[in-house]
Amino acid sequence: MTGPMFGPRDGLRSLVLVWAALAFFVVAAAPVRPALAQVQQTLPSDAITPVEEYARQVEQLKKSYPDLAKRIEDSAKTIDEVTDVDKARKEIEDLREIVGNMLGAVSDNGTVSQLGAKALAHARGKLRTLEHEQRFKQEERQFLVDLWRKLITETEHATDDLDTARKEFAELLRTLQTREDFIDELMQVRRAAEAIRVIRELTKEIRDASDKLKSLINGIKPPGV
Amino acid sequence: MVGAVWRFAGASFAALALSACNFESDTGFIEIKTVPISLATVPPLYLGSEKLDTLKKGNAVLRQRVGTARLQIEAGNGSLAPLCDLVVKKNRITTVTISVVERPPRCQCRNTAGPDRAQSRTCIS
């Protein structure tokens with residue numbers, strides 16, 4: 001009964017793949033920071049805030065889930081081994097909670113995504129302004145423009161990786177809910193099987209009673225026979 | 001007296017914090033896809049009364065409070081036309097694809113509450 005439910009290793013593989021995607025996204029997003037430090041030396045601090053905030057949020061996201069991969073892998077292993085349907089369901093619920101938290105952070109209306117869009121818009125706006133800036137010498141202006149372009153490219157990469165992570169988490173959540181639904185179906189089958197067993201027992205009892213009644217009736221002999 | 005006020009303030013703060021936690025935890029997700037992906041043809045979409053940002057590459061995953069949300073589309077005269085209802089459950093994802101080539105655009109639920117997928121206007125997770 002538990003075979004098809006917990007057997008597939010591809011579920012576990014997909015969990016680990018998702019973690020890998022997340023790790024990639026976090027690592028790829030990390031270079032925003034050094035570029036940021038570079039730009040910070042040359043630009044007023046208020047101009048950098050959205051980009052800096054984005055980098056900080058990505059960093060926080062990374063720190064919030066240091067053992068996520070291990071937790072996902074442990075839970076997936078437990079689900080593979082467990083034979084108790086209720087326990088399996090609880091494990092999947094816990095996993096959904098973890099994945100839900102991650103997806104919440106990277107969803108389109110989540111904090112990190114919105115900060116990313118804001119950071120990108122700010123950086124692009126800044127670049128447009130700098131391209132027409134007359135205060136600086138040509139080489140100074142070019143230097144600043146190059147820095148902002150680099151920053152925009154890195155922020156775009158981080159945003160793309162965020163998109164990938166979002167898709168992966170959404171897919172994982174779907175896999176988990178399909179599994180949970182499958183467990184629910186199995187529980188219904190189990191309940192139905194239990195109902196059949198009860199009906200069979202009842203039928204047998206009725207048949208026994210009927211047999212007893214028949215033999216009793218057969219045993220009754222009219223007086224004189 | 002001052003102690004009682006502080007205790008009351010503390011209890012209120014704790015209650016507020018708790019309700020905030022509940023609000024945060026009781027959320028699920030909605031995935032909206034549009035086909036075809038071309039952005040120009042999609043009129044603005046609304047979830048309840050909230051206008052959605054343009055879908056990036058024809059796809060958006062949104063965090064949403066648990067409950068039923070109505071997906072609407074802006075009609076030519078600026079009024080909102082309901083497309084379908086999306087049932088959101090905690091930490092679950094409800095997926096809907098909007099076919100914008102059809103007139104009027106139509107929801108295609110990944111999972112529906114009823115047996116008739118083509119006719120149902122309620123998408124579930």
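Student: Which residue of β5(B) stands opposite Leu47(B)?

Tutor: Leu47(B) has Leu71(B) opposite it in β5(B). This is a predicted model, in which local features need pLDDT (the predictor's confidence in each residue, from 0 to 100) of at least 70 and side-chain atom pairs count only at pLDDT 80 or more, while totals for chains, interfaces and linings use all residues. Residues are numbered from 1 along each chain as its sequence is written, and chains are lettered from A and ligands numbered from 1 in the order in which they are written.

Student: What makes strands β2 and β5 of chain B a pair?

Tutor: Two strands pair if DSSP finds at least two bridges between them. Strand β2 (residues 45–47) and strand β5 (residues 67–74) of chain B are joined by 3 bridges and run antiparallel, so the pairing condition is met. Strands are DSSP runs of E with at least two residues, helices are runs of H or I with at least four, and both are numbered from the N terminus.

Student: Why are β3 and β9 of chain B said to stand at the edges?

Tutor: The open sheet has 5 strands in the order β3-β2-β5-β6-β9 (chain B), with mixed pairing. β3 (50–51) and β9 (122–123) of chain B each have a single partner strand, so one side of each is left without a neighbour in the sheet.

Student: Why is β7(B) called largely enclosed?

Tutor: A residue is buried if 20 or more other C-beta atoms lie within 10 Å of its own, exposed if 12 or fewer, and partly exposed in between, with C-beta atoms placed from the backbone. In strand β7 (residues 93–99) of chain B, 5 of the 7 residues are buried, so the rest of the structure largely encloses this strand.

Student: Which strand pairs with β7(B) in the parallel sense?

Tutor: Strand β1 (residues 27–35) of chain B does, over 7 bridges, and Ile32(B) stands opposite Val96(B) there. β7(B) is also joined by 4 bridges to strand β8 (residues 106–109) of chain B, and these two run antiparallel. Thr97(B) has Gln108(B) as its bridge partner in β8(B). A hairpin of 6 residues connects β7(B) to β8(B).

Student: How do you know that helix α6 of chain A has close to its expected span?

Tutor: The expected span is 1.5 Å times one less than the number of residues. Helix α6 (residues 85–106) of chain A has 22 residues, with 32 Å expected and 31 Å found from first C-alpha to last. Its buried residues include Leu95(A), Val99(A) and Leu103(A).

Student: What makes a set of residues a nonpolar core?

Tutor: The members are buried Ala, Val, Leu, Ile, Met, Phe, Trp, Tyr and Cys residues joined through C-beta atoms within 7 Å. The largest has 48 residues, of which Leu103(A), Phe169(A) and Leu173(A) touch the most other members. α8(A) gives the most to this core, with 12 residues.

Student: Which residues of chain B does Leu173(A) touch?

Tutor: Leu173(A) touches Phe29(B) and Ile93(B), leaving aside residues up to four places away in sequence. Between the chains, 14 residues of chain A are in contact (C-beta atoms, placed from the backbone, within 7 Å) with 11 residues of chain B. Two or more residues on the chain A side come from each of α6 and α8 (138–219) of chain A.

Student: Which element of chain A has the lowest mean pLDDT?

Tutor: Helix α1 (residues 3–6) of chain A, at 36, whereas helix α7 (residues 111–131) of chain A has the highest, 89. The pLDDT is below 50 over residues 1–45 of chain A. Where pLDDT is low, the predicted coordinates should not be read in detail.

Terms used
Contact = placed C-beta atoms within 7 Å.
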